[in-house]
Amino acid sequence: MTNRADKRFIVKKVISRRYSIYIRVTKPLNMKIFTRITAIAAIALSLTGCIDTAEEAPAPVISTVKINSITITEYPLTNGAVAWDDPFIGSATGPDIQWRISGPENMASTTYFENCDGSTLTYTAGGLPIYLNQPLQEYTLEIWDLDDLDGSDLGSVDDLMSSVTFLPWIAGATGTETLELTNGPMTVQIEFTYIFQ
Ligand SMILES: [Ca+2]
Ligand SMILES: [Ca+2]
């Protein structure tokens, strides 16, 4: 009986014999050596050619990062146990959310979503697109609850709801891509376009 080890041995032996016969029949010894030398020389030339002729492309230098859209998928619905807007008169309402960016440059949306209920908020205009001109430095994206929507209460103070810090560009990023950033109760998706010098 032939066990598995025996089968492997037989197969190997047959292959070896076939190879040996093939060489003997098709190529005399000196031809075989010549063929091998030629092949080695061809490979060497090929490799040498690659080294000599290949020119390393200079790494692209990031210039500016454009933000096309900001989508806030998660945010705190209450300020602790209290509604973001809980007036003395009238019923409590959800937050009125605006995004702001701080860091080397400061900017903010010119639009907001009123009385948010947890639904996803997508900003594609109202201040967008924006250009971050220090792409190697950290920026912070903040979401704020606006407290004076009609401009009638100059003494009101808007509420910072949450924030997340990010680097506009990470080495290797090109083209346009959407990154998801999370910090605590806040998750945001930002679509970036990378612009190089
Ligand atoms: Ca408020
Ligand atoms: Ca509100």
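Mentor: Before we start, pLDDT is the predictor's confidence in each residue, from 0 to 100. You'll want that here, as what we're looking at is a predicted model.

Trainee: Okay, so what is the mean pLDDT of the protein chain?

Mentor: Start with the residues that reach 70 or more: they make up 73% of the chain. Averaged over the protein chain, the mean pLDDT is 82.

Trainee: And over which residues does pLDDT stay under 50?

Mentor: Look for a stretch where the model has four contacts beyond four places in sequence. That stretch, with pLDDT under 50 throughout, is residues 1-27.

Trainee: Got it. How many strands are there in the protein chain?

Mentor: Follow the pattern along the sequence: α-α-β-β-β-β-β-β-β-β-β-β-β. The two α entries are the two helices. The β entries that follow them give the number of strands, which is eleven.

Trainee: Let's pick one strand. How many residues of E8 are buried?

Mentor: Strand E8 covers residues 139-145, so count through its seven residues, where buried means 20 or more other C-beta atoms within 10 Å. The strand is mostly covered, and its buried residues number five.

Trainee: What is the strand order of the open sheet of four strands?

Mentor: Let's build it from the pairs. E8 pairs with strand E4 (residues 97-102) over six bridges, and E8 also pairs with strand E9 (residues 159-166) over seven bridges. Two bridges then join E4 to E5. Put together, with antiparallel pairing, the order is E5-E4-E8-E9.

Trainee: Which are the edge strands there?

Mentor: An edge strand in this sheet pairs on one side only. In the order E5-E4-E8-E9, the edge strands are E5 and E9.

Trainee: Can we zoom in on some residues? Which residue in E9 does Leu141 stand opposite?

Mentor: E8 and E9 run antiparallel, and Leu141 lies within the 139-145 range of E8. Across from Leu141, in E9, stands Val164.

Trainee: Which residue in E5 stands opposite Arg100?

Mentor: Arg100 falls within E4, residues 97-102, and E4 runs antiparallel to E5. The residue facing Arg100 in E5 is Ala108.

Trainee: Last one: is Gly175 buried or exposed?

Mentor: Gly175 is found in the loop between E9 and strand E10 (176-183). Its C-alpha atom is separated by 5.7 Å from that of Thr193, 18 residues apart along the chain. A residue counts as exposed at 12 or fewer other C-beta atoms within 10 Å. Because Gly175 has 7, it is exposed.

How values were computed: Residues numbered from 1 in each chain as written. Chains lettered and ligands numbered in written order. Predicted model: local features only at pLDDT ≥ 70, side-chain atom pairs only at ≥ 80, totals over all residues. Contact = placed C-beta atoms within 7 Å. Pairing = 2+ DSSP bridges.
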